[in-house]
Amino acid sequence: MRLFGRKDAEEEAGGPDEAIAGFWTWWQETRPTLDSLVAAGQAEGLEEWLAPAVAAIHPGLVWEVAPGRAAAHALVVTAAGDAELRSLAHRWARAAPPADLLWEFHPSRQANPQAMELTLDVGGYEFALDKLMLGLRVPRDQARVDVSAYHPIFGELDDDTRLEAALLALDWLLGEDDVARWVGEITAATFQPIDAVAAAHLPAVVADVASGFAEEEWLLMEGQTGGGAPLVATVRHPLRPVDHPLFDQHIMITLPYAHRDENGLPVGDSLTTLRDFEERLAARLLKLRDDAVLAAHLSAEGHRIIHVYADPTGEAATHAKELIVGWEEGEPRVDVSADPAWTAVVPFLT
């Protein structure tokens, strides 16, 4: 398998939807040539055809031809960890033609069942995954595994190359999306960590951690605003953009409230009214469960701010604007913006 990325191409001329549609039109027209190249194992020929076609969607996307799960080959077009591009890769995959015996399509690297048998050339050295050792730490009550990766060749490599090799190995062991879900800090060590285990054990450790977070819950958090005022937040947990890759539209609902305590937090009739609003909002979102998710809400300085993330092709923003009509405790607002990296709720991300 060969991996290629093109990050220096020109920006696409049209919008993302147009670029994606153009790619799949090109794919159908060029398919016989690509089939011949992959059958002949001509990686350089594939690069010549695929690299500019993928770069035309966005130059930051990375592509890879890998063994398929059901088909002979998988074409992977991935954001490669760039949260800003994750939704674009998933929209590319959603627009793909049905898989057949030869090709299937994925927006992220998939776990490779033969990962431990792979050997790559990294910086002129053999990077055999069966020699990769991992130090694993699971922080208490956290939905993640911190990983310190060690390989005998790491002492011969520079920092960036070591980390790139470690990240690629984790993607093949778990799949890129599960790395985003469950792996926290990643370091590439030049000395084997104490109590390190063979890399083959990582999927079992992650599965054990994941079993403790099978259902979403809500966490109550306290803090301060930038100005030092008390803040109370209720946050979905785990909260991860990778679980909702098409939800790149941020809907922020701001509700001023009249009844507050000395700390500016809602009390009495305002608290009751806010709860009623959120129940009605939750009921609307339940009907749109494939299009939107309530991520968090927080109260401070006389305002309740509700963060919703949605698929921009859905109707979540319209529902939010309808719901604020009739709010009587001040002037409510609904602000809608593109936020594929969920930067508005970064402090609350798992």
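Of the 350 residues of this chain, 49% count as buried, and I should say at once that we are looking at a predicted model, so please hear every value that follows as computed from that model. The chain holds 8 helices and 16 strands, and its C-alpha trace spans about 70 × 55 × 35 Å along the principal axes.

Let me begin with strand β3, since several other elements can be placed around it. β3 is mostly covered, with 5 of its 6 residues buried. Strand β2, residues 62–67, pairs with β3 in the antiparallel sense over 6 bridges, and the two form a hairpin with 5 residues between them. Strand β4, residues 103–106, also pairs with β3, here in the parallel sense and over 4 bridges. If you want one residue to hold on to, take Leu 75 in β3, which stands opposite Val 65 and also opposite Phe 105 in β4.

Following the chain out of β3, we come to the loop between β3 (73–78) and α3 (86–94), where Ala 80 lies. Ala 80 has a positive phi of about 50°, although it is not a glycine. As background, most residues other than glycine have a negative phi. Is Ala 80 buried or exposed? It falls in between, for its relative accessibility is 39%, and Ala 80 therefore counts as partly exposed. It is also worth noting that Ala 80 and Asp 171 are 91 residues apart in sequence but 9.8 Å apart in space, taken from C-alpha to C-alpha.

A second residue of this kind is Glu 301, whose phi is near 50°, again a positive value in a residue other than glycine. Glu 301 is found in the loop between β14 (292–300) and β15 (303–310), and because its relative accessibility is 45%, it counts as partly exposed.

While we are on backbone geometry, let me point to His 237 and Pro 238, which are joined by a cis peptide bond with omega at about 0°. Pro 238 lies in the loop between β12 (230–237) and β13. In general, most peptide bonds are trans.

Turning to another hairpin, strand β5, residues 119–122, and strand β6, residues 125–128, run antiparallel and are joined by 4 bridges. Within this pair, Asp 121 stands opposite Glu 126 in β6. The hairpin has 2 residues between its strands, and Gly 123 takes a positive phi near 60° there.

There is also an open sheet of 4 strands, in the order β9-β8-β7-β10, with mixed pairing. Which strands stand at its edges? They are β9 (183–189) and β10 (197–198), each of which has a single partner strand, so that one side of each is left without a neighbour in the sheet. The partner of β9 is strand β8, residues 145–150, and these two pair in the parallel sense over 5 bridges, with Val 145 standing opposite Val 183 in β9.

Among the helices I have chosen α2, residues 43–55, which has 13 residues and reaches 17 Å from its first C-alpha to its last, close to the 18 Å expected at 1.5 Å a residue. Helix α2 nevertheless bends by about 30° at Trp 49, and a proline, Pro 52, follows within four residues. Several of the residues of α2 are buried, including Leu 46, Leu 50 and Val 54.

Finally, the cavities, of which a search of the whole structure finds 2 of 30 Å³ or more. The largest has a volume of about 50 Å³, and among the residues lining it are Arg 86, His 244, Asp 248 and Trp 342. By class, that lining has 6 nonpolar, 2 polar and 2 charged residues.

The second largest cavity has a volume of about 30 Å³, and its lining has 7 nonpolar, 1 polar and no charged residues. Ile 251, Leu 281, Val 308 and His 319 are among the residues that line the second largest cavity. The elements giving two or more residues to that lining are β13 (249–256), α7 (268–287) and α8 (316–323). Which of the elements gives the most to the lining of the second largest cavity? That is α8, with 3 residues.

Definitions and conventions: Residues numbered from 1 in each chain as written. Predicted model: local features only at pLDDT ≥ 70, side-chain atom pairs only at ≥ 80, totals over all residues. Heavy atoms only, no water. Pairing = 2+ DSSP bridges. Expected span 1.5 Å × (residues − 1). Bend = angle between axes of the 7 residues up to and from the residue. Buried < 20%, exposed > 50% of the residue type's maximum accessible area, 1.4 Å probe, protein only. 1 Å grid on protein atoms, 1.4 Å probe; cavity = no way out; pocket = protein on both sides within 12 Å on 5 of 7 lines; lining within 4 Å. Points joined across faces, edges and corners; volume = space filled by probe spheres on them. Nonpolar A, V, L, I, M, F, W, Y, C, P; charged D, E, K, R; others polar.
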